[in-house]
Amino acid sequence: MRITHLHSTLLTPWGGAEAYLFALAAAQRARGHDVEIVTAIADDDSAARVSAAGISLSIRPTWRPYAPDRRGSSAFARMTFHTLDLVHSVLLPRAYRDVQRDRDVVHVHRFQGVGASVLRARDAPVVHTTHDYCLVDTSSTTQRAGGLPPRLGFAQRVRAWMVSLSARRSTVIVFPSERTRRRHETLGFRHGGAAVLVVPHGWPAPTVPAEAAEPPQRPRLVFLGKLQRAKGIELLLRAWRLAGLDADLVVAGDGPERAAVEAAASDGVHYVGWVDAEDKGALIRSATALVFPSLWPETFGLVVAESLLLGRPVVATPAAAGDLVVHGANGLVAADATPAAFAEALRRLVTDADLRRTVTSGAADSAAALDFDRHVERIDTVYREARDASLPHV
């Protein structure tokens, strides 16, 4: 098949959506498909990785009021960005008008920065994977004041309605979990004529050097991810101080909360910066468990999948656990998203050797459900069925 994957930006370091897109595209290319990635912006490192996998890369810039440098911008620039996104939920940017031409399927992963109009199936079927909540929320997390309200504000509801005008003209909308689909529905998303499928992600086993260390006798907990409040790094640091454990906490990542992590060195926190590829696999392999304190209902915790594939259990908040972390089976789920509850979960894991053995064994058993070859075959089937179906009325 002639497959186009579309993501608004492809910038290092990759987040979960970019990593998934690339892994899927590379697997499809290895199966003999004609695969292209279309994006508005890509850096040299990302372009080199795509090229090395034999995948075509098409960079189609759109005007932005600020560079996607992950450092934020002024309130005026953000308002301008979201206004443009609304305009482009109705009017397709010129650079993307032929993106469906001569393709068997276009798979959209993230449209913010390009516009939801790219979701409309015109000349080819469009499959959209919901990696976050950008269909219903500009922040993509649906979190407000530390909670998950059943209804967002008026401006967000209007924006979601405008986005849905295009989203409902997709061929298929794929949700990685039933929980993600329900959250969208709760917040008012209506798919219209688009087919809706729940297709759990798979993930390839991380590469680990042969000399990678096994967990030491002293418990070692590892956090991997963006150092930002939504990922729960502040919660984790407070819980760590409360727990007072004879253990090590290793934090890998970067982001706006980096200074707080570096300042926690006196509490036994070891900051190792951003890690990728083999370094990440080696770090997980060296851990007693992964900690995943995210505060929003993640659609798919990629790093959780990697931890389970490497046989390491996970300690998570209720919002972050999703379908992957099963309390007492392959990890622990804190009673709630408070420092005290997360500290108690950490204490249980570190001090109860029998529990630790149980969840470590359960983590290894969870790997089968994450088989990536089966997932790629399932997505290929979605493509074939979308291609064979009639295009929705535009």
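Here are a few worked exercises on the structure above, which is a predicted model.

## Exercise 1: The cavities

Work out how many cavities of 30 Å³ or more the structure holds, and which residues line the largest cavity.

Solution.
- Step 1. Start with the whole structure: the search turns up two cavities that reach 30 Å³ or more.
- Step 2. Take the largest cavity, whose volume is about 50 Å³. Its walls are made by Thr62, Trp63, Arg64, Phe81, Leu84, Asp85, His88, Gly113 and Val114.
- Step 3. Sort that lining by class, and you get four nonpolar, three polar and two charged residues.
- Step 4. Move on to the second largest cavity, with about 30 Å³ of space. Asp85, Leu86, Phe111, Ala116, Arg159 and Val163 form its lining. Here the classes are four nonpolar, no polar and two charged.
- Step 5. Ask which helices contribute: α3 (75-87) and α4 (154-167) each give at least two residues to the lining of the second largest cavity.
- Step 6. Look for a link between the two lists. Asp85 lines the largest cavity, and Asp85 also lines the second largest cavity.

## Exercise 2: The second largest pocket

Describe the lining of the second largest pocket, and find which helix gives the most to it.

Solution.
- Step 1. Note the volume of the second largest pocket, about 340 Å³. Its lining has 25 residues, and those closest to the centre are Pro200, His201, Phe300, Asp323 and Leu324.
- Step 2. Split the lining by class: 11 nonpolar, eight polar and six charged residues.
- Step 3. Map it onto helices. At least two lining residues come from each of α9 (302-309), α10 (318-321) and α13 (372-388). The top contributor is α13, with three residues.

## Exercise 3: Into the core

Find which members of the largest nonpolar core touch the most other members, then look at the surroundings of one of them.

Solution.
- Step 1. Recall the background: in soluble globular proteins, nonpolar side chains tend to be buried together.
- Step 2. The largest nonpolar core has 47 residues, and Val127, Trp203, Leu224, Val304, Val314 and Tyr383 touch the most other members.
- Step 3. Pick Trp203 and set aside neighbours within four places in sequence. Trp203 then contacts Ala19, Tyr20, Ala23, Phe300, Leu302, Ala305, Glu306, Leu309, Leu370 and Phe372.
- Step 4. Connect this with the previous exercise: Phe300, a contact of Trp203, is also among the residues closest to the centre of the second largest pocket.

## Exercise 4: Salt bridges along the helices

Which helix holds both Arg181 and Glu185, and which holds both Glu344 and Arg347? Then look at two other cases of charge pairing.

Solution.
- Step 1. Begin with the principle that side chains of opposite charge can pair when their charged atoms come close. In this structure, 22 salt bridges are found.
- Step 2. Arg181 and Glu185 form one, with an N to O distance of 3.2 Å. They sit four residues apart in helix α5 (residues 178-186), about one turn of the helix. Glu185 is partly exposed because its relative accessibility is 43%.
- Step 3. Glu344 and Arg347 pair at 3.0 Å, N to O. Both belong to helix α11 (residues 339-351), three residues apart, again about one turn of the helix. Glu344 counts as partly exposed at 40%, and so does Arg347 at 27%.
- Step 4. Arg387 bridges to Asp388, with the closest N and O atoms 3.7 Å apart. Arg387 is partly exposed at 37% relative accessibility, whereas Asp388 is exposed at 61%.
- Step 5. Finish with a network of salt bridges that links Arg31, Glu377, Asp380 and Arg384.

## Exercise 5: Backbone exceptions

Where does the cis peptide bond between Thr12 and Pro13 fall, and are Ser140 and Thr142 buried or exposed?

Solution.
- Step 1. Set the expectation: most residues other than glycine have a negative phi, and most peptide bonds are trans.
- Step 2. The bond joining Thr12 and Pro13 is cis, with omega about 0 degrees. Pro13 lies in the loop between β2 (9-10) and α1 (16-30).
- Step 3. Ser140, not a glycine, has a positive phi of about 75 degrees. Thr142 also has a positive phi, near 65 degrees.
- Step 4. Locate them: Ser140 is in the loop between β7 (126-129) and α4, and Thr142 is in the loop between β7 and α4 too.
- Step 5. Apply the cut-off for buried, under 20% relative accessible area. Ser140 is buried because its value is 10%, and Thr142 is buried because its value is 0%.

Definitions and conventions
Residues numbered from 1 in each chain as written. Predicted model: local features only at pLDDT ≥ 70, side-chain atom pairs only at ≥ 80, totals over all residues. Heavy atoms only, no water. 1 Å grid on protein atoms, 1.4 Å probe; cavity = no way out; pocket = protein on both sides within 12 Å on 5 of 7 lines; lining within 4 Å. Points joined across faces, edges and corners; volume = space filled by probe spheres on them. Nonpolar A, V, L, I, M, F, W, Y, C, P; charged D, E, K, R; others polar. Core = buried A, V, L, I, M, F, W, Y, C linked by side-chain atoms within 4.5 Å. Buried < 20%, exposed > 50% of the residue type's maximum accessible area, 1.4 Å probe, protein only. Contact = heavy atoms within 4.5 Å. Salt bridge = Lys/Arg side-chain N within 4 Å of Asp/Glu carboxyl O.
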